[in-house]
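Here is a walk through one predicted model. Keep the structure open beside the text and follow strand by strand.

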Amino acid sequence: MTDTAPPLGPGAAVLAFDVGGTDTKSAMVDASGRVLGLRRTPTARDAGDAAGAVAASFVELARALREEHPEVDVSAAGVSVPGLVDEVRGLGLFASNLGWRDAPIRDLAERALGLPVAFGHDVRAAGDAEHRLGAARGYDDAVVLAIGTGIASSMLIGGQPYSAGGYAGEFGHSLADPHGERCPCGAIGCLETVASAGAIARRYRTASGREVAGARAVLAAAGDGDPVARDIWDSAVEALAEGIARLVATLAPEAIVIGGGLSQAGPALFEPLRERVDALLSFHRRPVLLRAELGDDAGLLGTALAARDLAAARAAAGTAAP
């Protein structure tokens with residue numbers, strides 16, 4: 001399936017691969033910044049060699065992109081993956097939904113593609129794209145939240161992403177309720193057990209005994225006067241507000257950008273969330289709360305930007321491709 005994305009502006013021509021637990025997004029970016037051949041394909045699986053299977057899939061994806069656009073001469077590639085990621089060493093430290101630990105994904109991708117590879121975390125890539133191209137433009141101290149099935153974040157401090165060896169940004173696994181549900185991560189009461197889109201739908205099904213398609217259906221039911229839905233929605237907003245207030249006290253971001261499926265609720269999310277965050281703060285610098293602008297393409301665009309940065313650095317240093 002092909003798609004379109006906003007142009008990135010002039011720079012090196014690169015390949016980009018944004019690997020998810022279900023699908024992998026891939027595209028080519030030409031020297032003018034056009035995003036070419038953007039598509040989603042099922043993420044490669046191999047229980048015996050999960051990382052190797054993903055790296056091998058890049059070969060076929062790259063071949064298809066090059067055949068479609070033979071006039072484009074790429075000089076680098078970008079790869080982003082979920083889970084715990086060590087960008088410096090090029091390792092996928094852990095990804096429960098993909099099945100790897102301490103996997104040398106950057107090295108595997110470089111060998112598979114024959115190109116230098118910029119390797120990173122999918123949400124940090126999305127955060128970088130929102131900072132350079134989207135809603136966080138102009139804010140050097142910002143947090144980008146992705147709220148969907150789970151909750152993840154990307155933190156920018158002084159315009160630079162903060163990763164702490166891959167462990168920073170696990171906002172969804174901050175404590176929200178010490179007496180709450182056990183999270184799949186093993187901890188009790190993580191924020192994403194209360195306030196993710198997946199949790200909102202699951203909690204409503206449990207409390208009401210009724211099936212619901214997703215969080216937006218719960219919001220619609222709340223608007224129609226369903227008291228159970230209203231309680232579930234309000235408790236999710238409250239948990240998010242409390243988590244954001246803690247972020248504000250710790251990091252003092254100028255902006256908090258919210259993307260992912262839950263952001264599609266629009267004013268029904270942002271208006272009460274702004275009110276509750278404001279009520280929880282006192283002397284703190286109040287961040288602007290913004291809806292992400294780049295949608296589902298943010299991770300892929302950030303991955304392409306990282307590949308372009310790598311190509312530029314290698315060109316400046318006069319370094320040849322592997």
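Begin with β13 and β14. These two strands run parallel, and 4 bridges join them. One pair to pick out is Ala255, whose bridge partner in β14 is Val288.

Now widen the view to the whole sheet. How many strands form this open sheet, and in what order? There are 5, arranged β12-β11-β10-β13-β14. The pairing in this sheet is mixed. Its edge strands are β12 and β14, the latter spanning 288-291, and each of them pairs on one side only. From one strand to the next, the twist averages 25°. In general, strands of a sheet pair through backbone hydrogen bonds, either parallel or antiparallel.

Two helices lie across this sheet. Helix α3, residues 122-132, lies across β10 (142-147), β11 (151-157), β12 and β13. The angle between α3 and β11 is about 50°. Helix α7, residues 267-280, lies across β13 and β14. Against β14, helix α7 runs at about 165°. Strand β13 thus appears under both headings: it is crossed by α3, and it is crossed by α7.

Next, look at the loops attached to this part of the chain. Most residues other than glycine have a negative phi. Which value does phi take at Ala164? It is positive, at about 55°, although Ala164 is not a glycine. This residue lies in the loop between β12 (160-162) and α4 (197-208). Is Ala164 buried, exposed or partly exposed? Its relative accessibility is 39%, so Ala164 counts as partly exposed.

Ala252 also has a positive phi, near 50°, and is a residue other than glycine. Its place is the loop between α6 (227-251) and β13 (255-259). The relative accessible area of Ala252 is 27%. Buried would require a value under 20%, and exposed one over 50%. Ala252 is therefore partly exposed.

Move now to another sheet. This open sheet has 3 strands in the order β6-β7-β8, and the pairing is antiparallel. Strands β6 and β8 stand at the edges, each with a single partner strand. One side of each is therefore left without a neighbour in the sheet. Here the twist averages 15° from one strand to the next.

Take the pairings in turn. Strand β6, residues 84-86, pairs with β7 in the antiparallel sense over 3 bridges. Within that pairing, Val85 has Gly92 of β7 as its bridge partner. The two strands form a hairpin with 4 residues between them. Gly90 sits in the turn and has a positive phi of about 75°.

On to the β7 and β8 pairing. Strand β8 covers residues 100-103, and 3 bridges join β7 to it in an antiparallel run. Phe94 stands opposite Arg101 in β8. Again the strands form a hairpin, with 4 residues between β7 and β8. In this turn, Gly99 has a positive phi of about 85°.

Finish with β7 itself, residues 91-95. Why is this strand described as largely enclosed by the rest of the structure? Because 4 of its 5 residues are buried. The burial cut-off used there is under 20% relative accessible area.

Methods. Residues numbered from 1 in each chain as written. Predicted model: local features only at pLDDT ≥ 70, side-chain atom pairs only at ≥ 80, totals over all residues. Heavy atoms only, no water. Buried < 20%, exposed > 50% of the residue type's maximum accessible area, 1.4 Å probe, protein only. Pairing = 2+ DSSP bridges. Axes fitted to C-alpha atoms, helices over the stretch in contact; angles between N-to-C directions. Contact = heavy atoms within 4.5 Å.
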